[in-house]
Amino acid sequence: MRTVAVVGASLAGLSAARSLRKQGYDGRLVVIGDETHRPYDRPPLSKEFLAGALGEADLALETDGEDLRAEWLLGTRATGLDRAERAVRLADGREVRADGVVIATGAAARTLPGSAGLAGVHVLRTLDDARALRDELALGGRLVVIGGGFIGAEVASTAYALGVDVTVVEVAPTPLAGPLGETMGGVVSALHADHGVRLLCGVGVKGLSGETRVDAVLLEDGRSIPADIVVVGVGARPCVEWLEGSGVELDNGVKCGADGRTSLAGVVAVGDCANWYDPRLGAHRRVEHWTGARERPDAAVAALLAGGELEAGMPRPPYFWSDQYGVKIQFAGHAGVSDSVTVEVGAVDDRNVLAVYRRAGVPVAVLGMNQPRLFMRWRKQLSAP
Amino acid sequence: MMIPACRLADLPRGEAFRLDIDPPVSVFHTDDGEVFAIDDTCTHQDASLADGWLEGCEVECPLHSSKFDLRTGAVDAPPAKLPVRTHEVMVEDGVIYVRVSTDAPNLPPCVAARLAAGPA
Ligand SMILES: Cc1cc2nc3c(=O)[nH]c(=O)nc-3n(C[C@H](O)[C@H](O)[C@H](O)COP(=O)(O)OP(=O)(O)OC[C@H]3O[C@@H](n4cnc5c(N)ncnc54)[C@H](O)[C@@H]3O)c2cc1C
Ligand code: FES
């Protein structure tokens, strides 16, 4: 293999580039990213960066003086993958011929139809999004967060700490029921009420009102919630349009094996855009969490360099964390397959909990609120092959 | 100065003991029976490495999974970027002693700010 192109220059792309060098790949390495920034870390964008406690320099993922001997094509969007020519096509007309391709184009924030061009309406995915939102939050006012998922809840928590008046609107009866299940979703989202942040559940958003700037969020039940700032936190979609027609199989992102290999030889996918097969689950699952984007490139790169001669190892169960209202929330495993959840340690009312999800008595997931030590033990146990 | 930490017999293999000095230091007893001491606070944020996942000569931070090498203090991957200090360890009469490094520690910004502000 003489040239490898990594498409996407964020956590998964950088981790893949590092893995390539660490695993002895010595050839040409081209990293293509459509943002103009060097790789930066996203989790602080809804937390310390939004709060003003961290600056832009603190977000850098590379260490000082790090040199991967890569060609960085930043501010350049990939528009196609040509399987016959084995080339990545770029928006500016150039192309990069490569024997190996790592797809790491991540996900993009979903928007609300009809909200384009209305001032005061934000999504939060990129550094540029975070800067814009931070500047507006500094002016204060009434914030309405649409979507009670993790990003929405973190924005609400950070904005509350900044002294902003916050309302969260969630269409489901319980926020976070998808990732955490009804019971624990309710426990975690109760953090809002503890801090006087209004949470409106089970009601959809009909639209936004305002001429040039948003002034209210209109709900499907007829209510109108006054707003100076709106954050739309309704999830993300994988950035894979550029692969259409390439022969790479797409199904909720890029469909991959348990080692990131796609339907095309010499092409692997990692991070938020990749729908990996999970042997523990016996199904594919696209995981939008930091730790997967950081770790799975190691296995994908090994598979790429071995040219398919390698047995896929057992990946650790998906893991994510969230920080809300000063509480450290950690979760590992798959809540969706469980048939019971019990609080093993701590008390729900204290927001200090270690809860274990089981299926037919066997632990399949674990949730911690301010329980890093015990959580780690359970996570380790869940990861045992 | 040598500081007594705990008895070797009280620290099973695979476990860690946190020495509550300022900043705290942790002693690890590896599965191979070696004993190491490093700064307990992760260099990324306020997490205790004694709560982490010990495997071989590495400990994984309980919050965001950066791994630190117990022998050198080096960190393998983000989000942490700086190494932790390592400290000299001595076992005498069954007691583990730690000689705390005189280097400046790499404390995460939130903890450094708290220490600079002085005791509450
Ligand atoms: C605000 C926020 C907070 C988060 N907090 C947490 C948290 O607390 N815990 C947790 O576990 N996870 C968290 N996450 C999730 C975590 O950040 C993601 O899982 C991780 O960033 C995924 O990395 P990635 O490299 O796969 O994708 P991304 O980070 O999305 O990067 C993909 C990159 O590819 C670029 N790209 C897209 N299309 C193209 C193209 N055609 N050509 C070239 N480049 C392209 C994109 O611009 C982007 O720079 C958070 C995410 C956000 C947005
Ligand atoms: S606190 Fe240790 S890696 Fe983040």
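**Notebook: sheets, helices, a pocket and some unusual bonds**

I began with a pair of facing residues in chain A, where A:Ser209 stands opposite A:Ala216, a residue of β14(A). I note here that the model I am reading is a predicted one.

**Entry on the sheet in chain A.** I next looked up which strands surround this pair, and I found that β13(A) and β14(A), the latter covering residues 216-219, pair in the antiparallel sense over four bridges. These strands belong to an open sheet of three strands, which has the order β13-β14-β15 in chain A and antiparallel pairing. I then asked myself which strands stand at the edges. They are β13 (205-209) and β15 (224-226) of chain A, and each has a single partner strand, so one side of each is left without a neighbour in the sheet. For the twist, I wrote down that neighbouring strands of this sheet are turned by 20° against each other on average, with direction ignored.

**Entry on the sheet in chain B.** I turned to chain B and traced an open sheet formed by six strands, in the order β1-β9-β8-β4-β3-β2, again with antiparallel pairing. Here the edge strands are β1 (2-7) and β2 (15-19) of chain B, each of which pairs on one side only. Neighbouring strands of this sheet are turned by 30° against each other on average, direction ignored. Following the edge strand β2(B), I saw that five bridges join it to β3 of chain B (residues 25-29), and that the two run antiparallel. Within this pair of strands, B:Leu19 stands opposite B:Val25, which is in β3(B).

**Entry on peptide bonds and a backbone angle.** I stayed with β2 and β3 of chain B, since B:Pro23 is found in the loop between them. A cis peptide bond joins B:Asp22 and B:Pro23, with omega at about -5°. I also looked up the bond from B:Pro78 to B:Pro79, which is cis as well, with omega near 10°; B:Pro79 lies in the loop between β7 (67-69) and β8 (86-92) of chain B. In chain A, I noted A:Arg69, whose phi is near 50°, a positive value in a residue other than glycine. A:Arg69 is found in the loop between α2 and β3 (71-74) of chain A.

**Entry on two helices.** Two packed helices are described by the angle between their axes and the distance between the axes. I looked up both values for α1 (residues 11-22) and α6 (residues 290-306) of chain A, which pack at an angle of about 40° with their axes 8 Å apart. That angle makes α1(A) oblique to α6(A), because angles under 35 degrees would count as roughly parallel. The crossing of α1(A) and α6(A) is right-handed.

**Entry on a pocket.** Last, I looked at the second largest pocket, which has a volume of about 1000 Å³. Of the 38 residues that line this pocket, the closest to its centre are A:Glu48, A:Leu54, B:His44, B:Gln45 and B:Pro109. The elements that give two or more residues to the lining are α2 (48-51), α4 (150-161) and β22 (319-324) of chain A, together with α1 (109-116) of chain B. Which element gives the largest share of the lining? I found that it is α4(A), with four residues. Sorted by type, the residues of the lining divide into 19 nonpolar, nine polar and ten charged.

Conventions
Residues numbered from 1 in each chain as written. Chains lettered and ligands numbered in written order. Predicted model: local features only at pLDDT ≥ 70, side-chain atom pairs only at ≥ 80, totals over all residues. Heavy atoms only, no water. 1 Å grid on protein atoms, 1.4 Å probe; cavity = no way out; pocket = protein on both sides within 12 Å on 5 of 7 lines; lining within 4 Å. Points joined across faces, edges and corners; volume = space filled by probe spheres on them. Nonpolar A, V, L, I, M, F, W, Y, C, P; charged D, E, K, R; others polar. Pairing = 2+ DSSP bridges. Axes fitted to C-alpha atoms, helices over the stretch in contact; angles between N-to-C directions. Parallel < 35°, antiparallel > 145°, perpendicular 65-115°, else oblique. Left-handed = near helix turned anticlockwise from the far one by under 90°.
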